[in-house]
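Here are a few exercises to work through with the model open beside you. Try each task before reading its solution.

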Amino acid sequence: MCCCINVFNESSAFKSSSKLVITSVAFQDHIARSLLHPHSSLSKPLLKSKSKRPQNAEAIGRGGETGPQRRVLLFCSAQKLGLVASPAERLTEAKWSQVKARSVQQGDSAQPCAICREEFRIQPQVLLSCSHVFHKACLQAFERFTGRKCCPMCRKEQYETRVIHDAARLFRHQCATRIQACWRGYVARKWYSRVKRTICPQDKQLRHKFFEAKLQELNDSFVRYCHADLEAFLSDIDRSLSSSRRVFQQLDRKGISEPQEKDWDRIQSQVISRGVSECPICLTALGGVTLTADHPGHRPTVLLSCSHLFHQLCLEAFEAFTAASRPSCPLCRSVYHKRLI
């Protein structure tokens, strides 16, 4: 009886020790695979033994990766014994829709890539199962550098990826918006410049500038269409003006006749009705038609046929300084006959 008990105790102890050894080996394998050195020699025998067998259905269902990623996706001993959590199941289309909706809500595609800090634009981008978005090339370089498959943002392992094109659509929309803004700005500036050239503004200063610009534009167009020799053109204009002036002066001389006595009376009455009191040349008081010759303040006064009064000395001085053969009235510039009063 005692021998049976001892044998039973020894078998129980052997089973316990065997289980402990298996558990220790499983933990060591898990640590060697995931935590310490994924490419160390401790995991190579396991990889060789598993590489002889075809991939199981679960590994094939997870994408059939090869190399370092295949070692992580295959179940290790610790996962089979339930000591370590097994890889999560593959996401369904409904879960992918939720992940993408969460990414759109966070606005990850509108922000720069978290790895290279550059805009996505039209470059390929990938969506991770943790709802983070990166450049496809940046994520591949990150996995190749670290030797592990974990999210650069939240450090979640064993993620799934899916190629999306949200950033490309946003970039095309931004480009179309900028093109439309540039075109609308060009149309608005063109319309405003046309209105500014054609419609006169209400403000006084702006109206002055508007007509000044119009006059300058007309002058420029006139000069542009004129003869190339500007000096000869201006000299022709001066000769034309001088000849026209001579013709008008001859007509004035021929058309004016000596006023009669009744005409002088009418002209004198016009002067009296206007009430002229000073000479327009020297701006001193006139003797006028009411002062007599023996009045102490009397100075000789001349009445012109154009009904203007001047001091005789002032008018003679004006005629002496005039270059024309027959001077004109200092006020109205008309040819005159004069009479001393």
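**Exercise 1.** This is a predicted model. Take strand S1 (residues 125-128) and work out which way its side chains point and whether they are buried or exposed.

*Solution.* Start with one side of the strand: Gln125 and Leu127 point that way. Next turn to the other side, where Val126 and Leu128 point. Then check the cover: all of these residues are buried, and buried here means under 20% relative accessible area.

**Exercise 2.** Find the strands that pair with S1, and give the sense of each pairing.

*Solution.* Begin with strand S2 (residues 133-135), which pairs with S1 in the antiparallel sense over three bridges. Within that pairing, leucine 127 has valine 133 as its bridge partner. The two strands form a hairpin with four residues between them, and in the turn serine 131 has a positive phi of about 75°. Now look at strand S3 (residues 161-164): four bridges join S3 to S1, and the two run antiparallel. Here valine 126 stands opposite valine 163.

**Exercise 3.** Go through the same steps for strand S4 (residues 301-304): what covers its faces, and what are its partners?

*Solution.* First the faces: Thr301 and Leu303 lie on one side, Val302 and Leu304 on the other, and all are buried, so to speak of S4 is to speak of a strand covered on both faces. Second, strand S5 (residues 309-311) pairs with S4 in the antiparallel sense over three bridges. Threonine 301 has histidine 311 as its bridge partner there. The S4 and S5 hairpin has four residues between the strands, and serine 307 takes a positive phi near 70°. Third, strand S6 (residues 338-340) runs antiparallel to S4 and is joined to S4 by three bridges; leucine 340 stands opposite valine 302.

**Exercise 4.** How many disulfides does the whole structure hold, and why is cysteine 282 not bonded to cysteine 314?

*Solution.* A search of the whole structure finds zero disulfides. Cysteine 154 is one case: its nearest cysteine sulfur, in cysteine 130, is 3.7 Å away. A disulfide needs the two sulfur atoms within 2.5 Å. For cysteine 282, the closest cysteine sulfur is in cysteine 314 at 3.6 Å, which is too far for a bond. Finally, check the exposure: cysteine 154 is partly exposed at 37% relative accessibility, and cysteine 282 is partly exposed too, with a relative accessible area of 29%.

Notes. Residues numbered from 1 in each chain as written. Predicted model: local features only at pLDDT ≥ 70, side-chain atom pairs only at ≥ 80, totals over all residues. Heavy atoms only, no water. Buried < 20%, exposed > 50% of the residue type's maximum accessible area, 1.4 Å probe, protein only. Pairing = 2+ DSSP bridges.
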